[in-house]
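User: I am new to this structure and would like to understand the reasons behind the terms used for it. Please take me through them one at a time.

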Amino acid sequence: MDDYKSISLSPPTADLRNSVELQMSEKQKNSNYTAGKPIQCRAAVVRVAGEPLVIEEVSVAAPKSHEVRIKIICTSLCHSDVTFWNLKDPPGCFPRILGHEATGVIESVGDNVTEFVEGDTVIPVFLPDCAECVDCISLKSNLCTKFPFNVSPVMARDGTSRFSDSKGETLYHFLNVSSFSEYTVVDVANVTKIDPSIPPNRACLLSCGVSTGVGAAWKSAGVEAGSTVAIFGLGGIGLAVAEGARMIGAKTIIGVDINADKFEIGKRFGVTDYVNPKTCGTKSVSQVICELTDGGADYCFECVGMASLVYEAFASCRKSFQGWGKTIVVGIGKPGAQLTFSSFDVVHYGKTIAGSLFGGLKPKTDISTLLQHYLDGKLQLDKFVTHEVSFEDINKAFDLLLQGKSLRCVIWMDK
């Protein structure tokens, strides 16, 4: 499994935390010299779809109104980064700085920023949370009205980029974060303050994948103790769904994946049963799951982003008019993909289907809850980190994920 050496796979130590706190202190001092000025730093730039990232010197502009500039401590690789790295057509866009799972320290703030100060430890999050609009205030939504989510290559408020290369040409943003850079500029709506004592190589996982999966089980589906769950796709997000269901106390957690090795990995996160579509014979996956669960799983999760799997997950759900029979679509399909399912199942069987963006979580309030669960030993963040590499080896992180050898690879900017 380990063609590439990890920097450290052991739990974070006090020395690591002290080192990070010292870095934060130094960066806060240095901000007196860099605030309001462009910063020259390294970034991993993708210039052509599917080709290796190139570490270049880039210029990161000072933050404008309602923006902060963040010194990235570490970042992790999510499958969405790989998807857009390979995407030749819009919303694919090049040259671009990818990355959206990270932990960092605020180096400087722009005008009209009251929520953050220099030296704050933060997590940038792709999903905006302005904390002011009707949706952000409501407990029923996590989709900001003021800043609707989209995969924009520029800053939301003024439609321009804060990145340029050594020739002065524009480099584009990704998912409001662009963490594959030593410094990045992020809107305050996409930043969440965290406790600086939390290990950065664990906190960064909550920027996207783990939060999305755990949140999908908790908020989007509302899984209860004793219930049955089926998860289609045991990648990082699918395993995070399993982790969320395990924490709640689900009785049966069925993992569906064509990679048989994923079952042993899934057991670490509570997966109790495994279905390999390649070995089902003449039966469909939904038939197998309905037999395993005596009529269908209470909650099904599609975590791959394939329309055919959404259909199979929907067919695997229990009939119910009392809240069971929910299919939650977590995976992001190809642009323009269409979903097809039977209206009979909806009207006569009471099944429901819903999407889940960031697991239904509100970044500025729910991330702190998840971090507390980690500190309390309930959320197993450590088990998601399978590799750690230096920034210079960022392309190895891509290789590991593409080869199916990595759940989450943490990339350290200064190691």
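**Reasons behind the terms**

Analyst: UniProt, in an unreviewed entry, lists residues 65-195 as "domain: Alcohol dehydrogenase-like N-terminal". In this model, which is predicted, the span 65-195 is 9% helix and 27% strand, and its end C-alpha atoms lie 25 Å apart.

User: Why are phenylalanine 180 and phenylalanine 398 called an aromatic pair, and what makes the pair edge-to-face?

Analyst: Ring centres must lie within 6.5 Å for a pair, and planes over 60 degrees apart count as edge-to-face. By this rule the count comes to eight aromatic pairs. For phenylalanine 180 and phenylalanine 398 the centres are 6.3 Å apart and the planes make an angle of 70°, so both conditions are met and the pair is edge-to-face.

User: Which parts of the chain does this pair tie together?

Analyst: Phenylalanine 180 is in the loop between β7 (170-171) and β8 (183-187), whereas phenylalanine 398 belongs to helix α12 (residues 394-402); the pair therefore ties together parts that are 218 residues apart in sequence. Both phenylalanine 180 and phenylalanine 398 are buried. Together with Trp85, Phe180 and Phe398 make up one aromatic cluster.

User: How do you know that lysine 319 lies over the face of tyrosine 349?

Analyst: One condition is that NZ of Lys is within 6 Å of the ring centre; the other is that it is within 35 degrees of the ring normal. Lysine 319 is at 4.3 Å from the ring centre of tyrosine 349, and it is placed over the face of that ring. A second case is lysine 351, whose charged end sits over the ring of phenylalanine 314 at 5.5 Å from the centre. Both distances fall within the 6 Å limit.

User: Why is valine 330 called buried?

Analyst: Buried means under 20% relative accessible area. Valine 330 has a value of 7%, so it counts as buried. Its place is in the loop between β14 and α10 (343-347). The C-alpha atom of valine 330 is separated by 7.3 Å from that of glycine 305, a residue 25 positions away along the chain.

User: What makes leucine 239 buried or exposed?

Analyst: The relative accessibility of leucine 239 is 0%, which is under the 20% limit, so leucine 239 is buried. Leucine 239 lies in helix α6 (residues 236-248). Its C-alpha atom is 25 Å from that of glutamine 338, and the two are 99 residues apart in sequence.

User: Why do alanine 131 and aspartate 294 fall where they do in terms of exposure?

Analyst: Exposed means over 50%, and partly exposed covers the values between 20% and 50%. Alanine 131 has a relative accessible area of 48%, so it is partly exposed. Aspartate 294, at 67%, is over the 50% limit and therefore counts as exposed. Alanine 131 is in the loop between β5 (121-124) and α3 (134-137), and aspartate 294 is in the loop between α8 (285-292) and β13 (299-302). Each has a positive phi in a residue other than glycine: near 65° for alanine 131 and near 55° for aspartate 294.

User: Where are the cis peptide bonds that involve proline 91 and proline 95?

Analyst: One joins proline 90 and proline 91, with omega about 10°. Another joins phenylalanine 94 and proline 95, with omega about -5°. Proline 91 is in the loop between α2 (79-86) and β4 (101-109), and proline 95 is also placed in the loop between α2 and β4.

User: What makes up the lining of the largest cavity?

Analyst: The search of the whole structure finds two cavities of 30 Å³ or more. The largest cavity holds about 40 Å³ of space. Its lining consists of Met155, Ala156, Asn176, Val186, Asp187 and Asn190. By class this lining has three nonpolar, two polar and one charged residue. Met, Ala and Val count as nonpolar and Asp as charged, so Met155, Ala156 and Val186 are the nonpolar members and Asp187 is the charged one.

User: Which elements supply the lining of the second largest pocket?

Analyst: This pocket has a volume of about 270 Å³. Of its 18 lining residues, the closest to the centre are Lys140, Lys219, Ser220, Gly355 and Gly360. At least two lining residues come from each of α5 (209-221), β14 (326-329) and β15 (352-355), and β15 gives the most, with four. The lining has six nonpolar, eight polar and four charged residues.

Notes:
Residues are numbered from 1 along each chain as its sequence is written. This is a predicted model: local features need pLDDT of at least 70, side-chain atom pairs count only at pLDDT 80 or more; totals for chains, interfaces and linings use all residues. Side-chain values use heavy atoms; hydrogens and water are left out. Rings of Phe, Tyr and Trp (its six-membered ring) pair if their centres lie within 6.5 Å; planes under 30 degrees apart count as stacked, over 60 as edge-to-face and the rest as tilted. Buried means under 20% relative accessible area, exposed over 50%, partly exposed in between (1.4 Å probe, protein chains only). On a 1 Å grid over the protein atoms alone, a cavity is a set of points where a 1.4 Å probe fits but cannot get out, and a pocket is an open set with protein on both sides within 12 Å along at least five of seven lines; lining residues have an atom within 4 Å of a point. Grid points are joined across faces, edges and corners, and a volume is the space filled by probe spheres set on the points. UniProt positions are given in the numbering used here, feature names are shortened, and annotations may be inferred rather than shown by experiment.
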